[in-house]
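The exercises below are meant to be worked with the sequence and the coordinates side by side. Each task is followed by a solution that goes step by step.

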Amino acid sequence: MSGFINSRGIPIKQILIGIATALAVTLLLLCVICAVINFASAIPYSLLPYIMLIADAVGGFFGAYVCAAMSKSRGLILGLICGFAVFVIMFIASLSTGETIGLITLLRFIVLIVFGALGGIKGVNKKERLHIK
């Protein structure tokens, strides 16, 4: 089984690498945001959920981009899958910390799906294939 493709033709390895990339980029951006908030106390805490949505969007885009660039086909579908999977992981993690379901949860879902799809489309239209071993 080259590349962990299941019987339906879904590239599992590329999806898992895309999810890991999205989570890593999001975590890195959130660490940078926390450091900036720590040093510059002028940022109101009411903006924090919306700043986190921006980090989610960037992470979802890059995760789907890597996934689609590695597979070089079905960018929209792979981007949607990556975005949805990242949302599910973040949703479960947020529920375990006691966060309530609200408007931010819906916005996070929409942002991750839309930017995942955009990243998948952009990754498939890349000129050369991305190789990660």
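A salt bridge is taken here as a side-chain nitrogen of Lys or Arg within 4 Å of a carboxyl oxygen of Asp or Glu. The model to which this rule is applied is a predicted one.

**Exercise 1. Find how many salt bridges the rule yields, and state which helices the partners belong to.**

Solution. Applying the rule gives a count of 1 salt bridge. The side chains that meet are those of Arg108 and Asp56, with an N to O distance of 2.8 Å, which lies within the 4 Å cut-off. Arg108 belongs to helix α4 and Asp56 to helix α2, so the pair ties together parts that are 52 residues apart in sequence. As a last step, consider the surroundings of the two partners: both Arg108 and Asp56 are buried.

**Exercise 2. Describe the overall fold of the protein chain in terms of its helices and strands, its burial and its contacts.**

Solution. Begin with the secondary structure: the protein chain has 4 helices and 0 strands, and reading along the sequence gives the pattern α-α-α-α. Turn next to burial, where buried residues account for 34% of the 133 residues. The accessible surface comes to about 8000 Å², and 74% of this area belongs to carbon and sulfur atoms. Finally, take the contacts between residues at least 6 apart in sequence: 76% of these join residues at least 24 apart.

**Exercise 3. Characterise helix α4 by its span, its buried residues and the surface patch to which Leu118 contributes.**

Solution. Helix α4 runs over residues 103-124, and its 22 residues reach 32 Å from the first C-alpha to the last, close to the 32 Å expected at 1.5 Å a residue. Its buried residues include Ile104, Arg108, Val111, Leu112, Gly116, Gly119, Gly120 and Gly123, and the buried residues of α4 pack against α2 and α3. When reading such a list, it helps to recall that an α-helix has 3.6 residues a turn, so residues three or four places apart point the same way. For the surface, Leu103, Leu106, Ile110, Val114, Phe115 and Leu118 make a nonpolar patch of about 520 Å². Leu118, which lies in α4, counts as partly exposed because its relative accessibility is 43%.

**Exercise 4. Decide whether Met70 and Ser94 are buried or exposed, and name a spatial partner of each.**

Solution. Met70 is placed in helix α2, which covers residues 48-71, and with a relative accessibility of 4% Met70 counts as buried. The C-alpha atom of Met70 is separated by 6.4 Å from that of Gln14, although the two residues are 56 apart along the chain. Ser94 is found in helix α3; at 10% relative accessibility, Ser94 also counts as buried. A polar atom of the Ser94 side chain lies 2.8 Å from the backbone oxygen of Phe91.

**Exercise 5. Examine the backbone of Lys72 and Arg74, and state what sets their phi values apart from the general rule.**

Solution. The starting point is that most residues other than glycine have a negative phi. Lys72 is not a glycine, yet has a positive phi of about 65°, and Arg74, likewise not a glycine, has a positive phi of about 55°. As to location, Lys72 lies in the loop between α2 and α3, and Arg74 lies in the loop between α2 and α3 as well. To complete the description, Lys72 is partly exposed at 33% relative accessibility, and Arg74 is partly exposed with a relative accessible area of 44%.

Note on methods:
Residues are numbered from 1 along each chain as its sequence is written. This is a predicted model: local features need pLDDT of at least 70, side-chain atom pairs count only at pLDDT 80 or more; totals for chains, interfaces and linings use all residues. Side-chain values use heavy atoms; hydrogens and water are left out. Helices (H or I, at least four residues) and strands (E, at least two) are DSSP runs, numbered from the N terminus. Buried means under 20% relative accessible area, exposed over 50%, partly exposed in between (1.4 Å probe, protein chains only). Contact means heavy atoms within 4.5 Å. Accessible areas come from the Shrake-Rupley method with a 1.4 Å probe; for residues, only the protein chains shown count as cover. The expected span of a helix is 1.5 Å times one less than its number of residues. Patches are made of residues with over 30% relative accessible area and no salt bridge: like charges are joined within 9 Å, nonpolar side chains (Val, Leu, Ile, Met, Phe, Trp, Tyr) within 5 Å. A polar contact is a pair of N or O atoms within 3.5 Å; within protein, one must be able to donate a hydrogen and the other to accept it, and residues adjacent in sequence count only if both atoms are side-chain atoms.
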